[in-house]
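Here's a quick walk through this model, meant to be read with the structure open beside you. Take a look first, then read on.

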Amino acid sequence: MEVEYTEIEGLVIIRPEIYRDERGYFFESFSQREFEEKVSKTQFVQDNESRSSYGVLRGLHFQKNPFAQAKLIRVISGKVLDVAVDLRHNSPTFGKHVSVELSEENKQQVFIPRGFAHGFIVLSDHAVCQYKCDNYYAPDYAEGLMWDDKQLNINWLLPDEDIILSEKDKNNPNFDLNSVYFESKKSKN
Ligand SMILES: Cc1cn([C@H]2C[C@H](O)[C@@H](COP(=O)(O)OP(=O)(O)O[C@H]3O[C@@H](C)C(=O)[C@@H](O)[C@H]3O)O2)c(=O)[nH]c1=O
């Protein structure tokens, strides 16, 4: 697998090696050993899968400590734009985001460390998204940020009228530059 380190520290795009032949294709969608060598020592404990129609935007979500989650995202069917926003206090890229197209065709994955808000929007007729998390679901610690926050300034690629949100996501707060969402390791030293 090939890894691309993005401009946000710790946020990594992964391109698995795909083996194609007359039967179809094969690839290792996850190898703990290779992941540890090339990306992170993260130990995942929960796998999630969701299916969504065109225009569905899930996000921006995160769980606060002590239930923060690192995530490894991939798309099994369809195409999404996946977005991760750096919420680590004192990070040089605090409030910045990276957007990556993940699809059935490109089979790219994105690794999002703890301390980020995450969301995705479906660009195809439907999409099945699968992701590993390194901490269990903790609804009491789950929080969100508004998808169209002016400061975050995320280009979701689709016209506003096509975007479908859950009731919960319609009511997320805006990003607050002065809020400490995640204490960074650096600030503790
Ligand atoms: C996230 C989650 C939800 N659920 C349940 C709660 C609820 O009844 C139903 C749907 O939950 P939500 O509306 O929160 O699902 P969704 O909007 O898809 O939430 C997900 O969005 C993406 C962007 C993420 O990054 C995830 O971490 C998660 O926050 O599933 C679980 O049982 N376990 C879980 O881990």
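## A word on contacts

Two residues count as in contact here if their C-beta atoms, placed from the backbone, lie within 7 Å. Keep in mind that you're looking at a predicted model.

## The core around Val85

With that cut-off, who does Val85 touch, leaving aside its neighbours within four places in sequence? The list is Leu60, His97, Phe116, Ala117, Leu145 and Leu152. Val85 shares a distinction with Val80: in the largest nonpolar core, which has 37 residues, these two touch the most other members.

Plenty of strands chip in to that core. Two or more residues each come from β2 (12–15), β6, β7 (71–77), β8 (79–86), β9 (97–103), β10 (109–112), β11 and β12. As a rule of thumb, nonpolar side chains in soluble globular proteins tend to be buried together.

## The six-stranded sheet

Now for the sheet: it is open, has six strands and pairs them antiparallel, in the order β1-β2-β10-β7-β12-β5. At the edges sit β1 (2–5) and β5 (46–53), each paired on one side only. On average, neighbouring strands here are turned by 25° against each other, ignoring direction.

Start from the β1 end. β1 and β2 make a hairpin with six residues between them, and Gly10 in the turn has a positive phi of about 90°. Four bridges hold this antiparallel pair, with Val3 opposite Ile14 of β2. On its other side, β2 is joined to β10 by three bridges, again antiparallel, and Val12 faces Phe111 in β10. As for the faces of β2, Val12 and Ile14 are on the covered one, while Ile13 and Arg15 are on the uncovered one.

At the other end, β5 and β12 (residues 126–133) pair antiparallel over eight bridges. Ser50 stands opposite Cys129 in β12.

## A buried lysine

Lys132 also belongs to β12. Is Lys132 buried or exposed? It counts as buried because it has 22 C-beta neighbours inside 10 Å. Setting aside residues up to four places away in sequence, Lys132 touches Phe30, Phe44, Asp47, Lys71 and Leu72. Asp47 is 85 residues away along the chain, yet the two C-alpha atoms are separated by 4.4 Å.

## Around the ligand

Ser50 turns up again here, along with Asn48, Arg58, Gly59, His61, His118, Gly119, Phe120, Tyr137 and Ser166. Two or more of these shell residues come from each of β5, β6 (57–63) and β11 (116–122). By class, the shell has two nonpolar, seven polar and one charged residues.

Methods: Residues numbered from 1 in each chain as written. Predicted model: local features only at pLDDT ≥ 70, side-chain atom pairs only at ≥ 80, totals over all residues. Pairing = 2+ DSSP bridges. Axes fitted to C-alpha atoms, helices over the stretch in contact; angles between N-to-C directions. Near = placed C-beta within 6 Å. Nonpolar A, V, L, I, M, F, W, Y, C, P; charged D, E, K, R; others polar. Core = buried A, V, L, I, M, F, W, Y, C linked by C-beta atoms within 7 Å. Buried ≥ 20, exposed ≤ 12 C-beta atoms within 10 Å, placed from the backbone.
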